[in-house]
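Please look through the sequence and the model shown here, and then follow the explanation below, which moves from the overall fold to a few individual residues.

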Amino acid sequence: MSGADGRYPCGVQGIPDAPVMDVSFSDVHVVSSGGGTAEDAARIPKEKREASLEVSFMSTLPAYGFYGRNVRGLNIRDCTFDVETPDARPAVMLDDVKGGRINGFAARQVVQKNGSEVSLS
C-alpha cells in the first residue's frame with residue numbers, strides 16, 4: 001500500500017478489558033508520507049470504548065509504520081514500513097501487547113512499553 005496517511009499508517013487497537021486476540025500480518029508493505037516528530041513519538045493516543053472504526057480520533061500515532069495497543073497474540077512477518085520523508089517515530093510501537101513474534105525488524109526500530117512481551121527475530 002502506498003500513500004498511507006503519515007498520521008496513522010497501519011495498526012490494531014483493542015481496549016484494556018477486551019484486547020484484540022490472535023492477529024497476524026504477513027507480506028504487508030506500507031509506504032506512508034512520514035514527517036512525524038519526536039513529539040509525535042511520545043504521544044499517547046486516546047482510547048475510546050465506543051468509537052467508530054475511523055482511526056482519526058487517535059490523531060497522530062507514535063509509530064510511522066505499525067502501532068499496536070491492547071493486543072494478545074500479535075504476529076508480524078515479512079512486512080515493511082517505509083516513509084517518503086524523514087520521520088522521528090519508531091517503525092513499530094507496541095503498547096500492552098502480550099505474546100507473538102515480529103520477524104525482520106532491528107530491535108531499535110521496535111519500541112515495547114506497558115508490559116509488552118513480543119519476541120523479535
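What follows takes the chain as a whole, then its aromatic pairs, and then some single positions in the strands.

The model is a predicted one, and its chain contains 1 helix and 9 strands. Read from the N terminus, these elements follow the order β-β-β-β-α-β-β-β-β-β. The chain has 121 residues, of which 42% count as buried, and its accessible surface comes to about 6200 Å², with 52% of that area belonging to carbon and sulfur atoms. As for how the chain meets itself, residues 24 or more positions apart account for 65% of those contacts that have a separation of 6 or more.

The aromatic side chains offer a way into the interior. A search of the whole structure finds 2 aromatic pairs. In one of them, the rings of F25 and F66 have centres 5.1 Å apart and planes at 70°, and because an angle over 60 degrees counts as edge-to-face, that is the class to which the pair of F25 and F66 belongs. This pair links distant parts of the chain, since F25 sits in strand β3 (residues 20–26) and F66 in strand β5 (residues 66–77), with their positions 41 residues apart in the numbering. Both F25 and F66 are buried.

F66 also pairs with F81, here in a tilted arrangement with 6.4 Å from centre to centre and 45° between the planes. Again distant parts of the chain are linked, with F66 in strand β5 and F81 in strand β6 (residues 80–85), 15 residues apart. F81 is buried, as is F66, and the ring pairs join F25, F66 and F81 into a cluster.

A charged residue deserves attention next. D95, which is placed in strand β7 (residues 92–102), is buried and yet has no salt bridge. Why does D95 have no salt bridge, given where R69 is? The nearest side chain of opposite charge is that of R69, at 4.2 Å, and a salt bridge has to fall within 4 Å, so R69 does not qualify as a partner of D95. D95 does have a polar contact of 2.7 Å, which joins its side chain to that of N114. Setting aside residues up to four places away in sequence, D95 touches Y67, G68, R69, N70, K113, N114 and S116.

One of the residues that D95 touches, N70, has a backbone feature of its own: its phi is positive, at about 55°, although N70 is not a glycine. N70 is found in strand β5 and is buried, with a relative accessible area of 3%. D96 likewise has a positive phi, of about 60°, without being a glycine. This residue lies in strand β7, and at 16% relative accessibility D96 counts as buried, because the limit for that class is under 20%.

The last position to consider is V110, in strand β8 (residues 110–113), which counts as buried at 9% relative accessibility. Which residues does V110 contact, once its neighbours within four places in sequence are left aside? They are V92, L94, I102, F105 and L120. V110 can also be set beside A63: the two are 47 residues apart in sequence, while the distance between them in space is 9.1 Å from C-alpha to C-alpha.

Technical notes: Residues numbered from 1 in each chain as written. Predicted model: local features only at pLDDT ≥ 70, side-chain atom pairs only at ≥ 80, totals over all residues. Heavy atoms only, no water. Phe/Tyr/Trp six-rings, centres within 6.5 Å; stacked < 30°, edge-to-face > 60°. Helix = DSSP H or I, 4+ residues; strand = E, 2+ residues; numbered from the N terminus. Buried < 20%, exposed > 50% of the residue type's maximum accessible area, 1.4 Å probe, protein only. Lys, Arg positive; Asp, Glu negative; His and termini not counted. Polar contact = N/O pair within 3.5 Å; in protein donor to acceptor, adjacent residues only side chain to side chain. Contact = heavy atoms within 4.5 Å. Areas by Shrake-Rupley, 256 points an atom, 1.4 Å probe, with all protein chains shown as cover.
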